[in-house]
Amino acid sequence: MNNLIHITDVGAPAGNGADSTERIRKQYARLGISSHIITAGHSPLHVAFTACTDVSLEARKNVAKVLGSLGIREPALLPTALNSAPRNATESQANGQEDYIYRVKSDNKTDETLLIYGPEVLRWVVAFRGRKGLTVEKILKIFDVIPDTSNGSQFRSAEHLPIAHFLEAKGKLNERSERQPVELDEISDISPSKDNIVVVPPDEYGNGRILVKWDTFGEILTRPSIRIPRISEQILAVRKSLTEVIPNELSVWPSSNHFTGETLKVLNIGTRWNVGLTTTTNGDVIELSKNLSSKVGESYRVET
C-alpha cells in the first residue's frame with residue numbers, strides 16, 4: 001500500500017513542532033502503514049483547502065483518456081485524513097473542536113474518501129467538494145478499541161484518527177464501527193456570498209489568494225478592475241491570466257487551484273516578477289501578502 005496522507009494543523013516538517021507530526025507518524029507505523037504527514041497551516045480552512053485543491057477538470061479528464069486508451073482502469077485514490085483543532089480564541093476553539101470523526105464520500109470516483117476531525121474542516125470540505133453526490137457519516141465508535149471517537153485526550157488526531165484511517169484503507173471500517181448518517185442540510189454553508197470573497201492561504205510565491213463563487217468569478221473577469229475595501233484601498237487590475245499581468249501592477253487573475261465541486265473559484269492577488277528576478281520586490285505586494293496571510297478565513301466585500 002502507498003503512503004496514507006494525513007493533513008494536519010499541528011507540527012512542522014522540521015525544527016520546533018516536528019515532534020507533533022512524528023507522534024502521528026509513529027501511530028501509523030505501529031499499524032504497519034507508511035504515512036505522509038502534511039502540516040498545512042493553523043486553521044481548518046488551511047487543512048480543507050490543502051486537501052481539496054486539484055488540477056483543472058480538463059486535466060483530470062485527460063488522465064482518464066490516457067488510461068482508457070491503454071486499457072487501464074483508473075485507480076481509486078486512498079483515503080486521506082484531515083484534522084484541525086485551533087487553540088486560540090474561544091470562537092476558533094468552538095469551530096475547530098475535534099468532535100467525532102466524520103467520513104466524507106463522493107459518487108465521483110476521482111475523489112478520495114476523507115476522514116475528518118473538526119466540524120469547521122468538514123464545512124469547508126463540503127463547500128469545496130459541492131453537495132451534489134456527497135455522503136457524510138459520523139463515526140461514533142470503533143468496536144473494542146475506541147468507545148467514543150469524540151472523547152479521550154486532546155491528541156485524538158494522533159491516537160484515534162490513524163486507526164480509523166487504517167481501517168478505511170483496508171476496507172474494514174464499516175464492519176468495525178458504529179456510524180450515523182449526517183444530512184447535508186445539517187451542515188451550514190460557509191462559502192462566500194455573491195458579492196463577497198473569503199481569504200484563503202497565499203501561494204509559495206507571495207501571491208495572496210481569494211475564494212469566490214463561480215458566477216462572481218465570471219463577473220469579475222469582465223471588469224477592468226476591482227477594489228476590496230479593508231483588504232486594500234488600491235485598485236486591483238483584472239487580468240485573465242498571469243501572462244497578462246504587468247510587473248509591479250497590483251492585479252487579480254485566475255489561480256491554478258480548482259475544486260471538484262465546480263462551484264467555487266480562486267483568484268490570485270499580486271503582480272509579476274520583474275525581468276531577471278525570481279521573486280517580487282514590490283513593497284505594496286509584499287505588504288498585501290502579509291496582510292492576507294493574517295486574514296485566512298475572513299470574508300470581505302468586493303466593489304467592481
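In which strand does Thr39 lie? In this predicted model, Thr39 belongs to strand 2, which spans residues 35-39. With a relative accessibility of 25%, Thr39 counts as partly exposed, because the partly exposed class lies between the buried limit of under 20% and the exposed limit of over 50%. Leaving aside residues up to four places away in sequence, Thr39 touches Thr8, Val10, Gly11, Ala12 and Thr21. Lys172, in contrast, is 133 residues from Thr39 in sequence, and the two C-alpha atoms are 27 Å apart in space.

Strand 5 (residues 114-117) was examined next, together with its pairing. Leu114 and Ile116 point one way from this strand, whereas Leu115 and Tyr117 point the other way. All four of these residues are buried. Strand 3 (residues 80-83) runs parallel to strand 5 and is joined to it by four bridges; within this pairing, Asn83 stands opposite Tyr117. Strand 4 (residues 101-106) is likewise joined to strand 5 by four bridges, but these two strands run antiparallel. Here Ile116 of strand 5 is the bridge partner of Tyr102. Strands of a sheet pair through backbone hydrogen bonds, in either a parallel or an antiparallel manner.

Helix 5 covers residues 119-129. Ten of its eleven residues are buried, so the helix is largely enclosed by the rest of the structure. The buried residues are Pro119, Glu120, Val121, Leu122, Trp124, Val125, Val126, Ala127, Phe128 and Arg129. Charged side chains are thus represented in this buried set, including Glu120 and Arg129. Gly130 follows the helix and has a positive phi, near 80 degrees.

A nonpolar patch is found on the surface, formed by Val66, Leu70 and Ile72. Together these residues have about 290 Å² of accessible area. Of the patch members, Val66 lies in helix 3, which comprises residues 57-69.

An open sheet is formed by seven strands, arranged in the order 10-11-12-13-9-8-14, with mixed pairing. Strand 10 (225-228) and strand 14 (299-301) stand at the edges; each has a single partner strand, so one side of each is left without a neighbour in the sheet. From one strand to the next, the twist averages 35 degrees. At one edge, strand 10 and strand 11 (residues 232-238) run antiparallel and are joined by three bridges. Ile226 stands opposite Leu236 of strand 11.

Two helices lie across strands of this sheet. Helix 2 (residues 44-52) lies across strand 8 (196-200), strand 9 (208-213) and strand 13 (264-270). Its direction is at about 85 degrees to that of strand 8. Helix 10 (residues 283-293) lies across strand 8, strand 9, strand 11 and strand 13, and runs at about 140 degrees to strand 13.

Side chains of opposite charge can pair when their charged atoms come close. In the model, the count comes to 16 salt bridges. One of them is formed by the side chains of Glu219 and Lys194, with an N to O distance of 3.2 Å. This pair links distant parts of the chain, 25 residues apart: Glu219 is in helix 9 (residues 214-220), and Lys194 is in the loop between strand 7 (177-182) and strand 8. Both residues count as partly exposed, Glu219 at 30% relative accessibility and Lys194 with a relative accessible area of 48%.

A further salt bridge is made by Asp195 and Arg301, at 3.4 Å from N to O. Asp195 is in the loop between strand 7 and strand 8, while Arg301 is in strand 14, so that the pair links parts of the chain 106 residues apart. The relative accessible area of Asp195 is 32%, and this residue is partly exposed; that of Arg301 is 51%, and Arg301 is exposed. Glu219 also meets Arg223 in a salt bridge, with an N to O distance of 3.6 Å. Arg223 is partly exposed, with a relative accessible area of 33%. Through salt bridges that share partners, Lys194, Asp195, Glu219, Arg223 and Arg301 are joined into one network.

Terms used. Residues numbered from 1 in each chain as written. Predicted model: local features only at pLDDT ≥ 70, side-chain atom pairs only at ≥ 80, totals over all residues. Heavy atoms only, no water. Pairing = 2+ DSSP bridges. Axes fitted to C-alpha atoms, helices over the stretch in contact; angles between N-to-C directions. Contact = heavy atoms within 4.5 Å. Patch = residues over 30% accessible without salt bridge, like charges linked within 9 Å, V, L, I, M, F, W, Y side chains within 5 Å. Areas by Shrake-Rupley, 256 points an atom, 1.4 Å probe, with all protein chains shown as cover. Salt bridge = Lys/Arg side-chain N within 4 Å of Asp/Glu carboxyl O. Buried < 20%, exposed > 50% of the residue type's maximum accessible area, 1.4 Å probe, protein only.
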